[in-house]
Structures are given as C-alpha cells and as structure tokens.
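Hi,

Here is the structure I promised to pass on. Have a look at it first, and then read my notes below.

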Amino acid sequence: MKETGVVRKVDELGRVVLPKELRAVFNIKSGTPLEIFIDGECIVLQKYNDNKSKITIVKEIVDCLSTASGLTALFMNLDKVICAKGREAEIFKDAIVNEGIYKKLETRTPFACSASMFTVKCNKLVYISPLISNGNLIGGLAVVGEHDMTASDIKLTLMACDWFIRQVG
C-alpha cells in the first residue's frame, strides 16, 4: 500500500475529509459514491462503479452498434474505455478518458473528436454521445470512423445511448 503522508482526524459524526489533491487525482467530486471495504486491518475506499453489474448489457449494445454501423464501437465510463468492438477495438482497449474528453462529456451534448485525444495511435474520428442516467453523467457511447460520421451513424449511436439508459436506468 502506498503512503501519502496525510493524517486526518475523524470528527464527532464519524466523517473524514479526503485531501483535495487525492480527490483531484482520483476524480472524486462532491456526490461521488464511494465503496468501503475491509482488507485485514485496513479500511479501503474505492470509487463505486455501478457499471460492473451492467457489463453484459454494455457488451451487447457495443456489439450491436458495431455490427449495425460497420464501425468500431466504444463504451466508456468517466475514466477509461470499458468495452470496444470492431476493427480498432484492440487500440482502444482500456484507453484513458483524458481531461479534454471529460470536459466535453460534461457539456452533455454529443461531439466528435480526434482519436488521439484518447492517447492512442490512431488517425480516426470518434463521435461520442454522453450517457446520462438519473441526471448523472456516467460515461459515453462512441463510434470510430475514418472521417465525418454519416447521419445514420450518429442516429445509431444516439439510439444505442437511449436504449442503454432505458435498460440500466
């Protein structure tokens, strides 16, 4: 386990303040759900990822989107690409959602960006549609193409997002 050198006291209500630097590193904002684990004598906090229980649905949607569009399809949470299907799938596997993509996702409107924003070696265009569940931004669904997406590709991506939200709420 890595030491941080930070010591915090528990207040009378049992609360502990996470240092600003750690919140920034782990992208923890006000309202971010955390899971609490016990590991021997340690109490471990971890960002809660409710996408784990929904991974089967995610894989099916990404597979259908890739098959229907003939393009590589991606599902990402707010940290990284979780699932990819299609020709460029291996390139995007576990690709990081960088600050630039995160900020564009926060606008909650679909957008196109260069694949290089994922820090992958790929000269493609990525069309991303944010996924919003119960008012919360949870990630995005994307297709990867050679150049500008067709209206059909964009509609397919938006429909896949809508279907995902209807399935997982």
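Let me start with Thr157, which touches Leu65, Tyr127, Ser129, Leu141 and Val143, not counting residues up to four places away in sequence. Keep in mind as you read that this is a predicted model.

Thr157 sits in helix α5, which runs over residues 151-168. Is Thr157 buried or exposed? Its relative accessible area is 0%, and buried means under 20%, so Thr157 counts as buried. Its side chain also has a polar partner: one of its polar atoms lies 2.9 Å from the backbone oxygen of Asp153.

Next, the nonpolar cores. The largest one has 21 residues, and the members that touch the most others are Met76, Phe92, Leu105, Phe118, Val126 and Ile128. As for which elements build this core, at least two residues each come from β3 (72-76), α4 (99-106), β5 (111-114), β6 (125-133) and β7 (136-145). There is also a second, separate core of 19 residues, with Leu125, Cys161, Phe164 and Val168 among them.

Met76 deserves a click in the viewer. Setting aside neighbours within four places in sequence, Met76 is in contact with Val81, Ile82, Val97, Leu105, Phe118, Ile128, Ile138, Gly139, Gly140 and Ala142.

Then there is Ala112, in strand β5. At 38% relative accessibility, Ala112 falls between the 20% limit for buried and the 50% limit for exposed, so it counts as partly exposed. Which residues does Ala112 contact, leaving aside those within four places in sequence? The answer is Lys104, Leu125, Val126 and Tyr127. I also checked Ala112 against Ser66: the two are 46 residues apart in sequence, and their C-alpha atoms are 17 Å apart in space.

Last, the surface. Leu34, Ile36, Ile43 and Leu45 make a nonpolar surface patch of about 410 Å². Strands β1 (34-39) and β2 (42-47) each supply at least two residues of that patch. Leu34 belongs to strand β1. Why does Leu34 count as partly exposed? Because its relative accessibility is 31%, and partly exposed is the range between under 20% (buried) and over 50% (exposed). Patch residues need over 30% relative accessible area.

That's my tour; shout if you'd like to go through any of it together.

Cheers

Terms used: Residues are numbered from 1 along each chain as its sequence is written. This is a predicted model: local features need pLDDT of at least 70, side-chain atom pairs count only at pLDDT 80 or more; totals for chains, interfaces and linings use all residues. Side-chain values use heavy atoms; hydrogens and water are left out. Patches are made of residues with over 30% relative accessible area and no salt bridge: like charges are joined within 9 Å, nonpolar side chains (Val, Leu, Ile, Met, Phe, Trp, Tyr) within 5 Å. Accessible areas come from the Shrake-Rupley method with a 1.4 Å probe; for residues, only the protein chains shown count as cover. A salt bridge is a side-chain nitrogen of Lys or Arg within 4 Å of a carboxyl oxygen of Asp or Glu. Helices (H or I, at least four residues) and strands (E, at least two) are DSSP runs, numbered from the N terminus. Buried means under 20% relative accessible area, exposed over 50%, partly exposed in between (1.4 Å probe, protein chains only). A nonpolar core is a set of buried Ala, Val, Leu, Ile, Met, Phe, Trp, Tyr and Cys residues joined through side-chain atoms within 4.5 Å. Contact means heavy atoms within 4.5 Å. A polar contact is a pair of N or O atoms within 3.5 Å; within protein, one must be able to donate a hydrogen and the other to accept it, and residues adjacent in sequence count only if both atoms are side-chain atoms.
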